[in-house]
Amino acid sequence: MAEGEEGIELKFRIFDGTDIGHRSYPPSTTVATLKQRLVSEWPQDKSVIPKSASDMKLIHAGKFLENSKTLSESRIHIGDLPGGVITMHVVVQPPVAKKKTDKNKDEKPKQSTCSCTIL
């Protein structure tokens, strides 16, 4: 931490209520850096494991935090809880399913089964 820069005490709560990453972080730490650290510290015995930082979102005070912003820019201040620990929630997003391949192009287009009579 830079001299005179007081750390922000954070912990991160994952889906099953387990807390990870409990330590003091400088206010200049970016959300992306926090996510990278969480991926490296993620408990491997969990049923949901993020493969990369982009697989997760951090929530503080009901808002998703942006990767490019620092803790101070995200309005996470030491004064929120004097002498306390700020808990952030971690949401792991399932990997985005790949779009269907050309397999469906070989199928016949669906025919209309309308039994309307045109006069």
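Buried here means under 20% relative accessible area, exposed means over 50%, and partly exposed lies in between. With that in hand, welcome to the tour; please keep in mind that this is a predicted model.

**Stop 1: the whole chain**

Start with everything selected. Of the 119 residues in the protein chain, 28% are buried. The accessible surface comes to about 8800 Å², and carbon and sulfur atoms hold 52% of that. Now switch to a cartoon view: you will find 1 helix and 5 strands, following the pattern β-β-α-β-β-β as you read along the sequence. If you display contacts with a separation of 6 or more, 55% of them in the protein chain come from residues 24 or more positions apart.

**Stop 2: the sheet**

Next, select the strands. The 5 strands make an open sheet, and from one side to the other you pass E2-E1-E5-E3-E4, with mixed pairing. Which strands stand at the edges? They are E2 and E4 (63-64); each has a single partner strand, so one side of each has no neighbour in the sheet.

As a reminder while you look, strands of a sheet pair through backbone hydrogen bonds, in either a parallel or an antiparallel sense.

Zoom in on E3 (56-60) together with E4. These two pair in the antiparallel sense over 2 bridges. Show side chains here and pick out isoleucine 59, which stands opposite phenylalanine 64 in E4. Bring the helix back into view: H1 packs on the sheet and touches E1, E2, E3 and E5, while its direction makes about 120° with that of E3.

**Stop 3: the two faces of H1**

Select residues 31-41, which form helix H1, and colour Val31, Leu34, Lys35 and Leu38: these are buried. Turn the view until you look down the axis of H1; the buried residues fall within an arc of 100°, so they line one face of the helix.

What do the buried residues of H1 pack against? Add E1 (8-13), E2 (19-25), E3 (56-60) and E5 (86-92) to your selection, as these strands are their packing partners. Then rotate to the face of H1 turned away from its buried side, where you meet the exposed residues Gln36 and Ser40.

**Stop 4: charged pairs**

Side chains of opposite charge can pair when their charged atoms come close. The structure holds 5 salt bridges, and the tour visits some of them.

Select glutamate 41 and arginine 23 to begin. They form a salt bridge, with the closest N and O atoms 2.8 Å apart. Glutamate 41 lies in helix H1 and arginine 23 in strand E2, so the pair ties together parts that are 18 residues apart in sequence. Both ends are partly exposed: glutamate 41 has a relative accessible area of 29%, and arginine 23 is at 30% relative accessibility.

For the last selection, choose Lys11, Arg13 and Asp19, which are joined into one network by salt bridges that share partners. Centre on aspartate 19. Its salt bridge with arginine 13 spans 2.7 Å, N to O, and in its salt bridge with lysine 11 the closest N and O atoms are 3.4 Å apart. Is aspartate 19 buried or partly exposed? At 33% relative accessibility, aspartate 19 counts as partly exposed. Arginine 13 is partly exposed as well, with a relative accessible area of 28%.

Note on methods:
Residues are numbered from 1 along each chain as its sequence is written. This is a predicted model: local features need pLDDT of at least 70, side-chain atom pairs count only at pLDDT 80 or more; totals for chains, interfaces and linings use all residues. Side-chain values use heavy atoms; hydrogens and water are left out. Buried means under 20% relative accessible area, exposed over 50%, partly exposed in between (1.4 Å probe, protein chains only). Helices (H or I, at least four residues) and strands (E, at least two) are DSSP runs, numbered from the N terminus. The arc is that of the directions from the helix axis to the C-beta atoms. Contact means heavy atoms within 4.5 Å. Accessible areas come from the Shrake-Rupley method with a 1.4 Å probe; for residues, only the protein chains shown count as cover. Two strands pair if DSSP finds at least two bridges between them. Axes are lines fitted to C-alpha atoms, for helices over the stretch in contact, and angles run from 0 to 180 degrees between N-to-C directions. A salt bridge is a side-chain nitrogen of Lys or Arg within 4 Å of a carboxyl oxygen of Asp or Glu.
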